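Here is a small set of exercises to work through with the model open beside you. Take them in order, and try each one before reading its solution.

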Amino acid sequence: MLIRQTVSIVCLLALFLGACSSETETEVAAPEPSAEDAEAALIARAMEIHDRVLTADTHADTPLRMIEPGFDMAERHDPNESGSKVDYPRMKEGGLDAIFFAAFVAQGIRDDDGKSRAKALGLQMIDAVRDSIEANSDAVGLALNPDDAYELEKAGKRAIYLAIENGYPIGDDVSNVELYFDKGVRYITLVHATNNDLADSATDPKGPEHDGISPLGAEVVAEMNRLGIMVDVSHGSDEVFYDAIEMSKAPIIATHSNARGLVEHKRNMTDDMLKKLAENGGVVQLTMLSDYLRDKPETPERDAAFAELSASTKPAAEMTLEERAAVRKARMEINEKYPVALATVSDAVDHIDYIVSVAGIDHVGIGCDFDGGGGIDGVFDASEVMNITIEMVRRGYTEEQIAKIWGGNVMRVFRDVQAVATELQAEEAA
Amino acid sequence: MSPRRLGQCLLLLALWSFASVGSAHPLRLSLSQIEYSDEQQTLTVSLRLFLMDVREALVFDPDSTELKFCQADEAEYAERLLLEYLNEFFYIRVNGNPVDLKIKSKQLSGEGINVALAIEFEHRQAPPLTSLEIKNAVFTDLFFDQSNVVYVHINGEDRSLMLGKDTPTHELRF
């Protein structure tokens with residue numbers, strides 16, 4: 001792979017220069033740094049880069065957490081206790097400068113009641129995010145434009161962008177797009193796990209309904225273009241991706257998807273899609289979901305432990321409530337002792353390498369899907385995102401490349417989307 | 001919305017985790033919906049749970065076919081086990097009084113690991129409804145990261161909240 005070849009060349013060059021230096025400056029060769037020292041130096045260099053570049057995560061379902069009574073974003077939570085993956089202290093610990101909080105609304109029935117309730121829930125979550133930002137204005141700020149993230153970073157604050165995951169809350173009223181824009185929403189994921197009125201899902205068991213984006217969905221895409229809202233195709237079927245490329249006047253984004261060339265999964269993007277995305281000027285944001293990053297591993301010890309427990313228990317229908325509770329506890333203990341191994345940071349950066357090789361360095365970014373199932377070994381929550389940078393440095397990515405991956409690419413797309421909106425609004429006014 | 005309509009709504013309510021479709025649910029999630037109107041005088045409660053999680057909780061095997069929910073040969077003890085589990089981890093109190101939840105209907109939807117069991121309860125409730133206390137800690141005894149989203153629609157007012165291990169109960173006032 002190109003990146004690794006680059007690393008090898010750099011290493012050889014360093015060895016050659018090192019040899020020259022030892023001949024001219026001293027007769028005694030300096031001792032080779034130990035592996036530990038070399039690793040510490042690499043980590044130190046990676047952390048400096050991580051600190052200098054804008055780090056932006058384009059997808060977190062944290063707004064759902066924010067409607068949990070008593071949940072406080074200003075408090076640090078233990079992800080292994082609460083399941084929570086993002087709060088402001090952990091964003092700071094991980095050096096995560098910016099994040100898109102997506103208000104996720106599960107797909108319900110597509111009638112007037114369902115749509116109006118979806119809208120109410122979407123607005124409730126958006127308002128919860130805005131209230132949280134206001135209550136923690138010393139630590140975070142609402143970001144509406146690409147430059148806001150850089151300005152907030154300079155001010156020592158985290159940038160919070162708003163988004164909507166699933167176009168369901170738009171209903172069949174395109175004017176709602178402007179309502180959400182005015183609330184601060186800067187991308188909308190057209191569809192989620194099942195088809196909606198706008199588009200087909202990659203994962204609806206009933207299969208396609210519109211063969212891509214519906215006529216209403218096309219109107220919504222046009223309105224998003226007019227306002228400067230990024231069109232997110234994650235969760236959409238392959239046809240939705242191609243329709244979005246065709247329909248959108250601005251580059252598109254996949255806020256949390258990986259490479260199908262490495263892991264066969266409907267939610268991941270094929271090589272052809274990655275190439276088309278590059279031609280479009282868009283970006284795919286790598287997500288930290290184990291099942292999208294690697295094939296499921298074998299778990300013989302875990303399987304044996306569960307089999308042994310099952311063999312020693314009587315049928316559930318014959319148990320008392322206490323006996324059933326005891327078995328559930330025992331099963332939880334097995335889960336804790338023999339967990340299914342999560343994907344690793346190396347798996348994740350394999351996808352970055354792959355996407356770079358297919359689409360180029362300008363078309364990949366990071367959208368962890370924290371609080372929506374995302375979290376792998378080494379990037380389990382927001383406090384650990386620096387490990388992605390460390391692995392990229394280990395593989396020879398330069399600071400300029402890392403800056404693109406961590407935020408530069410998505411902010412370029414965001415600027416392009418806004419520029420198109422400005423043009424469209426000028427045309428409209430003329 | 002009529003209770004029947006609500007049932008239809010919940011049948012279509014996508015339970016899939018945010019990520020969806022894979023070898024396991026990346027996020028442990030349940031959805032529930034509570035609805036009441038003075039006009040209908042009926043409190044309708046619907047739960048939508050991953051069938052794999054229900055099996056894990058009731059018979060300790062996510063892949064078990066023992067209970068056969070919603071099939072002609074459903075195990076005679078299936079509903080008893082389900083209610084005994086729910087009584088431990090889920091309740092509703094209206095105006096301070098516990099609601100005796102009786103199953104009105106059950107239905108399966110989805111495919112593979114994403115099959116969901118929808119359970120609908122009904123309770124006659126005279127107005128006014130001034131407070132609603134909800135406990136939803138289902139599966140928090142199995143999964144540390146279980147999240148239970150509750151949609152509440154009372155007399156046209158929509159409120160939603162998330163409950164889990166840290167916050168299993170919450171009271172809403174109207």
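**Exercise 1. Which residues of H9(A) are buried?**

Step 1. Settle the ground rules. This is a predicted model, in which local features need pLDDT of at least 70 and side-chain atom pairs count only at pLDDT 80 or more, while totals for chains, interfaces and linings use all residues. Residues are numbered from 1 along each chain as its sequence is written, and chains are lettered from A and ligands numbered from 1 in the order in which they are written.

Step 2. Settle the terms. Helices (H or I, at least four residues) and strands (E, at least two) are DSSP runs, numbered from the N terminus. A residue is buried if 20 or more other C-beta atoms lie within 10 Å of its own, exposed if 12 or fewer, and partly exposed in between, with C-beta atoms placed from the backbone.

Step 3. Read off the helix: Gly217(A), Val220(A), Val221(A), Met224(A), Asn225(A) and Arg226(A) are the buried residues of H9(A).

Step 4. Look at what covers them. The cover includes helix H8 (175-183), strand S5 (185-189), strand S6 (230-232), helix H10 (238-247) and helix H17 (399-429) of chain A.

**Exercise 2. Check the length of helix H9 (residues 215-227) of chain A.**

Step 1. The expected span is 1.5 Å times one less than the number of residues.

Step 2. For the 13 residues of H9 in chain A this gives 18 Å, and the end C-alpha atoms are 19 Å apart, so the two agree.

Step 3. Move past the end of the helix: Gly228(A) follows H9(A) and has a positive phi, near 95°.

**Exercise 3. Describe the two sheets of chain B.**

Step 1. Take the inventory. Chain B holds three helices and ten strands, and along the sequence they follow the pattern α-β-β-α-α-β-β-β-β-β-β-β-β.

Step 2. Trace the six-stranded sheet. Two strands pair if DSSP finds at least two bridges between them. The order in this open sheet is S5-S6-S2-S1-S8-S9 (chain B), with mixed pairing. Strand S5 (102-109) and S9 of chain B are the edge strands, each pairing on one side only. On average, neighbouring strands here are turned by 15° against each other, direction ignored; axes are lines fitted to C-alpha atoms, for helices over the stretch in contact, and angles run from 0 to 180 degrees between N-to-C directions.

Step 3. Find the bridges to strand S6 (residues 116-124) of chain B. Strand S2 (residues 42-50) of chain B runs antiparallel to S6 and is joined to it by nine bridges, with Phe50(B) opposite its partner Ala116(B). S5(B) and S6(B) are also antiparallel, over seven bridges, and Ser109(B) has Ala116(B) as its bridge partner. Six residues lie between S5(B) and S6(B) in their hairpin, and Gly110(B) in the turn has a positive phi of about 90°.

Step 4. Trace the four-stranded sheet. This open sheet has the order S4-S3-S7-S10 (chain B) and antiparallel pairing. Its edge strands are strand S4 (97-98) and strand S10 (169-173) of chain B. Strand S3 (residues 90-94) and strand S7 (residues 131-136) of chain B are joined by five bridges, and Val94(B) stands opposite Leu132(B) in S7(B).

**Exercise 4. How many residues does each chain bring to the contact?**

Step 1. Two residues are in contact if their C-beta atoms, placed from the backbone, lie within 7 Å. Chain B brings 43 residues and chain A brings 44 residues.

Step 2. Locate the side of chain B that touches chain A. S9(B) gives the largest share, five residues.

Step 3. Sort this side of chain B by type: 24 residues are nonpolar, twelve polar and seven charged. Here Ala, Val, Leu, Ile, Met, Phe, Trp, Tyr, Cys and Pro count as nonpolar, Asp, Glu, Lys and Arg as charged, and the others, Gly among them, as polar.

Step 4. Find a helix of chain A on this sheet: helix H6 (residues 112-135) of chain A lies across S8 and S9 of chain B, at about 60° to S9(B).

**Exercise 5. Is Glu74(B) buried or partly exposed?**

Step 1. Place Glu74(B) in the loop between H2 and H3 of chain B.

Step 2. Count: Glu74(B) has 13 C-beta neighbours inside 10 Å, so it counts as partly exposed.

Step 3. List its contacts. Neighbours within four places in sequence aside, Glu74(B) is in contact with Leu67(B), Lys68(B) and Phe69(B).
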